[in-house]
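Here is a protein to look around in, one stop at a time. Keep the sequence and the 3D view side by side as you read.

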Amino acid sequence: MDIPLTQPGPSGPSGLPAAKAASPHRTGPARVALIGVHGFGAHHLKNLERLTQAGAVELVAVADPKPPAPDALPRTTAVHPDLESLLAGNHRPDVVIVATPIQTHAPLALATLASGADLYLEKPPVASLADFRQLQEAAEASGRSVQIGFQSLGSQALVAIDGLLKDGTIGTLQGIGATGRWVRDRAYCKRSRWAGKRSMDGVDVVDGVATNPLAHAIATALRIAGARTVEHVASVETDLYRANDIEADDTSVIRIRTSAGLPITCALTLCASESVEPYITLQGSEGTAVFHYTKDRLHISNADGEHSLQFGRDDLTENLLEYLAGDTELTSALNDSGAFMLVLEAVRTAEPPAPVTPGYVRWEGDGDAARAVIPGIEDALERAIGAHATFRELALPWARATEPGAATVLFDDGGRPLAVRRTGARLNARLSPRPYLHPVATLGGTVVTDHLPADHPWHLGAGFALQDVNGTNFWGGKTYRRDAGAYVSRQDHGRIELLPAAAGDPDGFDTRELRWLGTDGQPLLTEQRTASREVLGGSVWRLDLGTELTAVVDVSLGSPGSNGAAGSGYGGFFWRLPACSGARIFTSDAEGESAVHGSVAPWLAWTASFGEVPGIRSGQAATLVFGAPAEAADPWFVRCSGYPGVGSALAWDRPVTLAAGESLRRSLSVWVCDGELSPAAVASLLARR
């Protein structure tokens, strides 16, 4: 199974929480049997020893094909090879704990309920939704209770989280991200015959990262969202991969939408560079809360600052005993695992995990201690939960190809893609879905755009967008409000739709119609967007972009700058660059971020090293030269120290107004170059146009 969850707070032997006093309704200790004494069963043995010393339980029998060590059990505990012989032994257990491989859960659970005992069943409950429903029916028919071993649900932090969501500590909950990045070696993948299997001998196993080792991340995120039963989940999408030589997934994104419309994105891996305690991120309109569920620690960030809180944890075995005595509610009831079982079913029925391309896997260590590392996976996980995007939507180089129709190679050179256009149609609404270009690459193959970055998920490659069109945000993220003097989270996001192409364009030229739809779905603007390319030599090609915006109604085109945020007049053309090193930014008469930001110049150049992947490949030098629009002297918007981005600002410090039917045009060019160009080389390049 997975490693024991630590349980801070008052503790007894082995770091387990101190036992609560036995229920006054019970005349004696509960008779308990344990099925499976190795793996996670060893954790249950320690916990039962603690509860025995407190007089809460008596371990009457255990069952395991491999007997425990002679000194591991009380002298009076009977040992059996299997559940059948244990139940035949007249031990009369009140509660049976099942801590065995996933594929054995269903038959053992059904046999336990049929015997008349109550059940503690380790997670995941069973290996299919059909088995889950059969188990529900058996539990109802028997009248017995079933506790599922999602130990993280015993955290007392969950009550505090429920409270902070109700009192608005972080504003309105807009989404939940679950992140788990652990390190597991070849020995882990070979720890048993069923390890890493999707099925075995025709029986479902489903031993993947999302359903076993990091299943608590998903179960905890669902509980925080209030999604317990099957009816609480509207959809589940999976994007599954494996770097190890196993059948199941070891690196995956699971995207869930609750019936209330809340997005939950779980990004998980066993191929991290180092293990980090998994955590749940609550994305609020006025702040965030991060719950480290294995440590019962909650970190809150909002306008009042940052602070951390530490909580204790309720033991699920004690909780079950107290529930049976009528003293409390069941913490992790069988029926409350329905939402999780929908996720497991989606994983079980998904297409087999795609192997991560070997060139993007680094192996560390030797023999069974060797472990697969996917360089950059930590950033990919953060990007996934920030944008609520799958790995394939992030267009990671080792991920599956984008879904048909979502992306099209716009320009190539002899089969080498130079620019890919994405519709952006499936993006999260808070990102202001819109078409954009990504990746854009040099002739030598160096990618010079980025999209859905962790710092600003709404930054989308190369494209055209505005943060304020009659109060509708087509940029994504928060909106700067003059009356608040700050960026404010609002449900004001529009979307830009790419209309079907009316006719073919000549090679190297593209014209498309777009509609800018407000929050009510009504058009505010129509757009004709053009793109063309010209290869200028072995190391340079030019991308020419143009837009003609036509107002459907009277409109005001604004930016944070026009709404009062000095120096933040972004909006219009914008190019998000990927992470780079050694950046040099200059115009014909200025150099450096502070000098060129807000300046008006006929061109701006950015040269740097792009695409470094530690342990896989070094970076490659490339230069982008942005030519200013011919129609207006729009200032340059430049960021380098916080994130790498360049824009031509349409509404720098005042809005642009258009009457209904009136149009506005902007056109600019970008020279995409391999290698590092000096100011003199840039001037020479532009002189050849």
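In which helix is the place of I385? Find residues 377–387: that stretch is helix 10, and I385 sits in it. Before going further, bear in mind that this is a predicted model. Is I385 buried or exposed? Its relative accessibility is 4%, so it counts as buried. Leaving out residues up to four places away in sequence, I385 touches G177, A178, T179, T265, A267, T281 and Q283. Now look for I280, which is 105 residues away from I385 along the chain. In space, the C-alpha atoms of these two residues are separated by 9.9 Å.

How much confidence does the predictor have here? The protein chain has an average pLDDT of 94, and 96% of the residues reach at least 70. The start of the chain is another matter: over residues 1–24 the pLDDT stays under 50. The model does have 73 contacts beyond four places in sequence for that stretch. Still, a word of caution applies: where pLDDT is low, predicted coordinates shouldn't be read in detail.

Next, let's look at some strands. Six of them make up an open sheet with parallel pairing, and their order across it is 3-2-1-4-5-6. At the edges you'll find strand 3 (78–80) and strand 6 (146–149), each pairing on one side only. On average, neighbouring strands in this sheet are turned by 20° against each other, ignoring direction. Zoom in on strand 5, residues 118–122: four bridges join it to strand 6, and the two run parallel. As a landmark, Y120 stands opposite Q147 in strand 6. While you're there, remember that side chains in a regular strand alternate between the two faces of the sheet.

For antiparallel pairing, move along to strand 14 (residues 287–292) and strand 15 (residues 297–302), which are paired over six bridges. Here V290 stands opposite H299 in strand 15. The two strands form a hairpin with four residues between them, and D296 in the turn has a positive phi of about 55°. Strand 15 then goes on to pair with strand 16 (residues 305–310), again in the antiparallel sense and over six bridges. A hairpin of two residues makes that connection. Across this pair, S301 has E306 in strand 16 as its bridge partner.

Now for a loop. D450 lies between strand 22 (436–440) and strand 23 (462–465). Is D450 buried or exposed? D450 has a relative accessible area of 9%, so it counts as buried. What does its side chain meet? There is a polar contact of 2.8 Å between the side chains of D450 and R383. Setting aside neighbours within four places in sequence, the contacts of D450 also include H438, H459, R576 and P578.

Last stop: the cysteines. A disulfide is a covalent bond between the sulfur atoms of two cysteines. How many disulfides does the count come to? The count is zero. Take C580 to see why a bond is ruled out there: its closest cysteine sulfur is in C640, 6.0 Å away, and that is too far. The cut-off is 2.5 Å. Looking from C640, the closest cysteine sulfur is the one in C580. C580 is partly exposed, with a relative accessible area of 27%, and C640 is also partly exposed, at 27%.

Methods
Residues are numbered from 1 along each chain as its sequence is written. This is a predicted model: local features need pLDDT of at least 70, side-chain atom pairs count only at pLDDT 80 or more; totals for chains, interfaces and linings use all residues. Side-chain values use heavy atoms; hydrogens and water are left out. Two strands pair if DSSP finds at least two bridges between them. Axes are lines fitted to C-alpha atoms, for helices over the stretch in contact, and angles run from 0 to 180 degrees between N-to-C directions. Buried means under 20% relative accessible area, exposed over 50%, partly exposed in between (1.4 Å probe, protein chains only). A polar contact is a pair of N or O atoms within 3.5 Å; within protein, one must be able to donate a hydrogen and the other to accept it, and residues adjacent in sequence count only if both atoms are side-chain atoms. Contact means heavy atoms within 4.5 Å. pLDDT is the predictor's confidence in each residue, from 0 to 100.
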